[in-house]
Amino acid sequence: MAQVILTFCVAYGIVIGGSILGGMGAFFSDRAPLLVMSDLAIQLKIMGLVGALGGTFDSFLQIEKLFVGNFSPVLKQLIYIFAAFIGAHLGTISMLWLTQGKAS
């Protein structure tokens, strides 16, 4: 359970942190920070998912064990993937709500 929470928080943090720092960079370069933050939130969603899982190759190796008949690691890995997806998605929704942006 602790690893699931950590995976969720890492995915959420990658999206939120990247968007905020990107918004600061936009401010310093005379661009619209809120617009850049909402665009970055959408773009960083997949990076939050991959970053929280620690790369996708390990996930596919665990799913490959399904064909051998070992279901426990596969189920655990699918739960991690789901937690990372929810974390990245909620990070994107939070940033769009904060910046009043629209998903395009």
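Helices, taken here as DSSP runs of at least four residues and numbered from the N terminus, account for every regular element of the chain, with 5 helices and 0 strands present. The model is a predicted one, and the elements, read along the sequence, follow the pattern α-α-α-α-α. Of the 104 residues of the chain, 30% count as buried.

Confidence in the prediction varies along the chain. The average pLDDT is 85, and 82% of the residues score at least 70. Helix H1 has the highest confidence, at a mean of 94, whereas helix H4, which spans residues 57-64, has the lowest, at a mean of 64. Where pLDDT is low, the predicted coordinates should not be read in detail.

The largest nonpolar core comprises 14 residues, among which Ala11, Leu53, Ala84 and Met95 touch the most other members. At least two residues of this core are supplied by each of H1, helix H2 (33-43), helix H3 (45-53) and helix H5 (71-99). The largest share, 5 residues, comes from H5.

Two pairs of residues that are distant in sequence illustrate how separate parts of the chain are placed relative to one another. Ile14, which lies in helix H1, is 31 residues from Lys45 in sequence, and the C-alpha atoms of Ile14 and Lys45 are 8.3 Å apart in space. With a relative accessible area of 28%, Ile14 is partly exposed, since the buried class is reserved for values under 20% and the exposed class for values over 50%. In the second pair, Lys76 and Val4 are 72 residues apart along the chain, with a separation of 9.2 Å between their C-alpha atoms. Lys76 is placed in helix H5 and, at 45% relative accessibility, counts as partly exposed.

Aromatic side chains were examined for ring pairing, a pair being accepted if the ring centres lie within 6.5 Å. By this rule, the count comes to 2 aromatic pairs. In the pair formed by Phe8 and Tyr12, the ring centres are 6.2 Å apart and the planes meet at 15°, so the pair is stacked, given that an angle under 30 degrees is required for that class. Both residues lie in helix H1 (residues 2-28), where Phe8 and Tyr12 are 4 residues apart, about one turn of the helix. Each member of this pair is partly exposed, the relative accessible area being 26% for Phe8 and 30% for Tyr12. The rings of Phe27 and Phe28, in turn, have their centres 5.6 Å apart and their planes at 65°, so this pair is edge-to-face, an assignment that calls for an angle over 60 degrees. Phe27 and Phe28 are both exposed.

The edge-to-face pair of Phe27 and Phe28 also contributes to the nonpolar surface of the model. Together with Ile20, Leu21 and Met24, Phe27 and Phe28 make a nonpolar surface patch of about 570 Å². Met24, a further member of this patch, is located in helix H1 and is partly exposed, with a relative accessible area of 40%. Helix H1 thus carries the stacked pair of Phe8 and Tyr12, and it also supplies at least two residues of the largest nonpolar core.

Methods
Residues are numbered from 1 along each chain as its sequence is written. This is a predicted model: local features need pLDDT of at least 70, side-chain atom pairs count only at pLDDT 80 or more; totals for chains, interfaces and linings use all residues. Side-chain values use heavy atoms; hydrogens and water are left out. Rings of Phe, Tyr and Trp (its six-membered ring) pair if their centres lie within 6.5 Å; planes under 30 degrees apart count as stacked, over 60 as edge-to-face and the rest as tilted. Buried means under 20% relative accessible area, exposed over 50%, partly exposed in between (1.4 Å probe, protein chains only). Patches are made of residues with over 30% relative accessible area and no salt bridge: like charges are joined within 9 Å, nonpolar side chains (Val, Leu, Ile, Met, Phe, Trp, Tyr) within 5 Å. Accessible areas come from the Shrake-Rupley method with a 1.4 Å probe; for residues, only the protein chains shown count as cover. A salt bridge is a side-chain nitrogen of Lys or Arg within 4 Å of a carboxyl oxygen of Asp or Glu. A nonpolar core is a set of buried Ala, Val, Leu, Ile, Met, Phe, Trp, Tyr and Cys residues joined through side-chain atoms within 4.5 Å. pLDDT is the predictor's confidence in each residue, from 0 to 100.
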